[in-house]
Amino acid sequence: MDLKEIRSQFPILSQTVNGKPLVYFDNAATTQKPNTVIDIVNEYHSRWNANVHRGVHQLSNVCTDAAEAAREKIARFINAAASDEIIFTQGTTDSINLVAETFGRAFIKPGDEILVSQTEHHSNFVPWQQIALRYNARFVVFDCHDSGEWDMNDFYAKINAKTKLVAVGHVSNALGTVNPIKDVIDKAHSLGIPVLVDGAQAIQHIPVDVQALDVDFYVFSGHKIYGPTGIGVLYAKTQWLEALPPYRYGGEMISKVTNTYSEFNNLPYKFEAGTPNYIGQIGFGAAIDFISQFEVQQIATYEHKLLRYAEQKLSDLEGVVIYGKSDEKAAVVSFLIDGIHPYDLGVLLDKTGIAVRTGNHCAQPLMTRLGIFGTVRASFAFYNTFEEIDYFAEMLRKIIPMLK
Ligand code: C6P
């Protein structure tokens with residue numbers, strides 16, 4: 001990969017922050033956008049904007065075609081069996097809430113169990129906890145090891161005939177662990193239990209094939225894969241989309257409305273009430289085109305080298321403890337330095353132009369399990385470089401004595 005050429009496509013990467021060249025290591029929170037995404041969003045707002053699926057006029061048709069083409073691109077990207085299995089949402093959180101609300105309404109009864117892991121982001125934890133409370137079901141959490149890897153014995157012990165759904169993350173946002181989701185899916189399916197996988201931190205880093213995984217629900221956000229904010233995807237097998245009731249009610253999701261009853265639209269529109277974020281969809285499609293120039297496996301290999309290099313550099317520094325020890329990791333390194341508050345470190349790194357995230361990373365149950373309140377997290381994308389990591393380590397070497 002030609003790193004210089006790739007970086008030149010992201011205008012934000014060539015700016016300075018606090019007088020220093022930006023080193024953007026907060027890619028797990030959101031990724032930066034290439035020119036093609038920025039330009040298409042601008043072009044559709046300035047030249048083609050019109051509401052989709054409603055118009056007989058040219059602008060509406062142009063927007064509708066581009067927005068629907070994005071659905072096709074995303075379906076191909078994750079190897080969905082049909083583009084109708086791609087539901088556009090506001091993002092990962094919205095997708096999970098869609099499944100939790102509708103699955104809860106249709107299938108969760110008192111005494112049922114919903115099983116999640118200890119390492120989930122709040123978005124794949126709180127909705128299930130609340131659904132369980134609402135329907136007098138049990139919210140069950142299987143444990144992880146100190147390394148951040150799942151305790152699969154605990155998973156096998158806790159999944160049972162009462163489990164109605166398993167909801168797990170593909171890659172931990174807080175630690176970077178790539179989880180054994182295929183083992184979870186296979187075990188759950190052997191008991192007839194569906195599985196939702198939160199792919200927010202996987203889709204941009206590792207190849208995802210929903211048919212090979214045989215996953216029932218797979219969710220992710222556009223903004224974490226070089227696309228715009230406010231747009232995301234729920235992939236679900238057709239059988240589930242047909243079995244679940246609509247999430248929100250209103251325009252577009254109906255086929256017939258009378259004073260006494262309504263009939264609902266075909267897939268995927270049954271789950272897309274109201275004016276969709278069609279320009280977000282178009283931008284998302286451009287992001288998929290952008291990433292499709294490369295092999296996702298090629299991106300994964302490069303990012304893995306960055307990760308191991310960063311872990312090595314950090315280990316050379318005194319007092320550093322890295323959280324998330326696993327052979328299977330995506331591009332996240334989470335750490336603490338003895339006697340230094342993560343927030344203080346984050347603030348001083350910012351002064352050097354380096355953007356990292358500090359805190360619990362919306363994973364309080366995991367932090368509690370690890371006995372810490374948070375970490376400093378550097379998360380990489382394939383536009384990051386080894387030189388940036390060298391600079392990061394050099395700045396840490398200067399900052400640490402200042403905070404001791
Ligand atoms: N994690 C992070 O800095 P939304 O906000 O809906 O696009 O994504 C929510 C979400 C769900 N699952 C996982 C695994 C995630 O990492 C995130 C977002 C960001 O780690 C913001 S907290």
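Me: By class, how many residues of the shell around the ligand are polar?
Reply: This is a predicted model. The shell around the ligand holds four nonpolar and four charged residues. The polar residues in that shell number eight.

Me: Which domains supply the shell around the ligand?
Reply: The shell counts 16 residues, with Thr-93, Asp-198, Gln-201, Ser-221 and Arg-357 among them. Each of two domains gives at least three residues to the shell. They are domain 1 (3-33 + 296-403) and domain 2 (39-291).

Me: How many Å separate a nitrogen atom of the ligand from an N or O atom in the side chain of Asp-198?
Reply: Asp-198 is one of the residues that come nearest the ligand. An N or O atom of the Asp-198 side chain faces a ligand nitrogen, and the distance is 2.6 Å.

Me: What share of the ligand's exposed area does the protein bury?
Reply: A polar side-chain atom of Arg-377 lies 2.7 Å from a ligand oxygen. Thr-92 has a polar backbone atom 3.5 Å from an oxygen of the ligand. Taken alone, the ligand exposes 510 Å², and the share buried by the protein is 86%.

Me: Which strands stand at the edges of the seven-stranded sheet, and why is one side of each left without a neighbour?
Reply: The sheet is open and mixed, in the order β4-β10-β9-β8-β7-β5-β6. Each edge strand has a single partner, so one side lacks a neighbour in the sheet. The edge strands are β4 (86-89) and β6 (138-142).

Me: Which residue in β6 stands opposite Ile-114?
Reply: Strand β5 covers residues 113-117 and pairs with β6 in the parallel sense over five bridges. Opposite Ile-114 in β6 stands Phe-139.

Conventions. Residues are numbered from 1 along each chain as its sequence is written. This is a predicted model: local features need pLDDT of at least 70, side-chain atom pairs count only at pLDDT 80 or more; totals for chains, interfaces and linings use all residues. Side-chain values use heavy atoms; hydrogens and water are left out. A residue is near a molecule or strand if one of its heavy atoms lies within 4 Å of it. A polar contact is a pair of N or O atoms within 3.5 Å; within protein, one must be able to donate a hydrogen and the other to accept it, and residues adjacent in sequence count only if both atoms are side-chain atoms. Accessible areas come from the Shrake-Rupley method with a 1.4 Å probe; for residues, only the protein chains shown count as cover. Ala, Val, Leu, Ile, Met, Phe, Trp, Tyr, Cys and Pro count as nonpolar, Asp, Glu, Lys and Arg as charged, and the others, Gly among them, as polar. Domain bounds come from an automatic or database domain assignment. Two strands pair if DSSP finds at least two bridges between them. Helices (H or I, at least four residues) and strands (E, at least two) are DSSP runs, numbered from the N terminus.
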